Amino acid sequence: MNIRDYIVQKKKEILVGRLTSDKFQDFFEKNENQLQTMLTYYECAIMQIETKFNVLNQEFSLSREYSPIETIKSRLKTMDSLIEKVNRYEIPLSVESIERNIEDIAGIRVICGFPEDIYTVADCFLQQDDVTLVDCKDYIRNPKENGYRSLHLIVTVPIFLEHEKRDMKVEVQLRTIAMDFWASLEHKLKYKKELPPELNDRLVGELTECATISADLDMRMQSIRRQLAGSQSEIDEAVDSLEWM
Ligand code: 0O2
């Protein structure tokens, strides 16, 4: 992300009347370089963590003959979303305080096939000696009221720069394909502002029901996978015992 482009875009929005407050406009202009540097460091931290998950996935596919991770997505928080959070939590407007108080500027989403893979992958990741767990929110064991499920880890990882080492905070969200499918639809509904209230309420209710169905589906598919793995190892043992093969 380029802070200069963001400032230019905001100036255009001011012209057409969609205004970011002067306070923020001022802040971005005065701190352009520092903000750009901060975002670049977060991008480096994302690369670092993405590599860690890719390495784990490769190793799993050797030792277990399947890859627990289906996809890895990453994003830097958009400036609009950052401003919204600064406002909502009344965070003092300085680069240092934003870095200290906002934990999801860098975000990685790791999508796994099955719920148990999430915990296996998270465990291996957290055992690495340069990864420090800051906070963990388990919305799989304790789903949100709307049905949202995911495992959220806030971690720090070091990035090594020319003259220093910096610990960077990153939010890692681990979820299954089904949890991700649900969350992206729910996210769309959340930002659909112009829906009539009755329709909105009905869709919110339907999504909460879908979350229950999707959690059940995850568990049933996991159970099928376990049974298949069990019968496969029985087949392998039987084949191994055939001396003539
Ligand atoms: P984006 O676009 O990813 O930046 P917050 O809710 O952010 O004020 P906190 O404690 O940081 O406070 O939140 P939490 O619970 O760790 O969740 C942060 C992120 O998790 C959200 O980021 C979403 O990506 C995801 N998330 C959490 N709850 C829900 C939910 O109910 N539905 C969906 N679809 N996603 C959720 P942002 O900042 O909302 O969005």
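Mentor: Before we look at any enclosed space, keep one rule in mind: Ala, Val, Leu, Ile, Met, Phe, Trp, Tyr, Cys and Pro count as nonpolar, while Asp, Glu, Lys and Arg count as charged and the others as polar. The model in front of us is a predicted one.

Trainee: How many residues of each class are in the lining of the largest cavity?

Mentor: With that rule, the lining of the largest cavity has nine nonpolar residues, and it has no polar and no charged ones. You can find them in the structure as F24, F27, F28, L35, L82, I83, V86, L93 and I98. Helix 2 (22–30) and helix 4 each supply at least two residues of this lining. The cavity has a volume of about 30 Å³, and the count of cavities of 30 Å³ or more comes to one.

Trainee: How many helices and strands does the protein chain have, so that I can place those elements?

Mentor: The protein chain holds eight helices and five strands, and if you read from the N terminus on, the elements follow the order α-α-α-β-α-α-β-α-β-β-β-α-α. The C-alpha trace spans about 80 × 60 × 25 Å along its principal axes.

Trainee: What volume does the largest pocket have, and which residues are closest to its centre?

Mentor: A pocket, unlike a cavity, is an open set of points. Here the volume of the largest pocket is about 1,200 Å³, and among its 37 lining residues, R75, K77, D104, Q173 and H187 are the closest to the centre. Two or more residues of the lining come from each of strand 1 (69–76), helix 4, strand 2 (106–112), strand 4 (151–160), strand 5 and helix 7. If you apply the classes again, this lining has nine nonpolar, ten polar and 18 charged residues.

Trainee: Where does the ligand sit?

Mentor: The ligand sits in the largest pocket. Helix 4 (79–88), strand 5 (165–176) and helix 7 (177–190) are the elements that give two or more residues to the shell around the ligand, and helix 7 gives the most, with four residues.

Trainee: How many residues surround the ligand, and which are the closest?

Mentor: The ligand is surrounded by 20 residues, the closest being R88, Y89, K137, Y139 and K144. By class, this shell has four nonpolar, five polar and eleven charged residues.

Trainee: Which atoms of the ligand lie at short range from polar side-chain atoms of K85, R109 and K190?

Mentor: To read such a pair as a polar contact, look for N or O atoms within 3.5 Å. An N or O atom in the side chain of K85 is 2.9 Å from an oxygen atom of the ligand, and for R109 a polar side-chain atom is 3.3 Å from an oxygen atom of the ligand. In the case of K190, a polar side-chain atom lies 3.4 Å from a nitrogen atom of the ligand. On its own the ligand has 740 Å² of accessible area, and the protein covers 79% of that.

Notes. Residues numbered from 1 in each chain as written. Predicted model: local features only at pLDDT ≥ 70, side-chain atom pairs only at ≥ 80, totals over all residues. Heavy atoms only, no water. Near = heavy atom within 4 Å. Polar contact = N/O pair within 3.5 Å; in protein donor to acceptor, adjacent residues only side chain to side chain. Areas by Shrake-Rupley, 256 points an atom, 1.4 Å probe, with all protein chains shown as cover. 1 Å grid on protein atoms, 1.4 Å probe; cavity = no way out; pocket = protein on both sides within 12 Å on 5 of 7 lines; lining within 4 Å. Sits in = over half its atoms within 2 Å of the grid points. Points joined across faces, edges and corners; volume = space filled by probe spheres on them.
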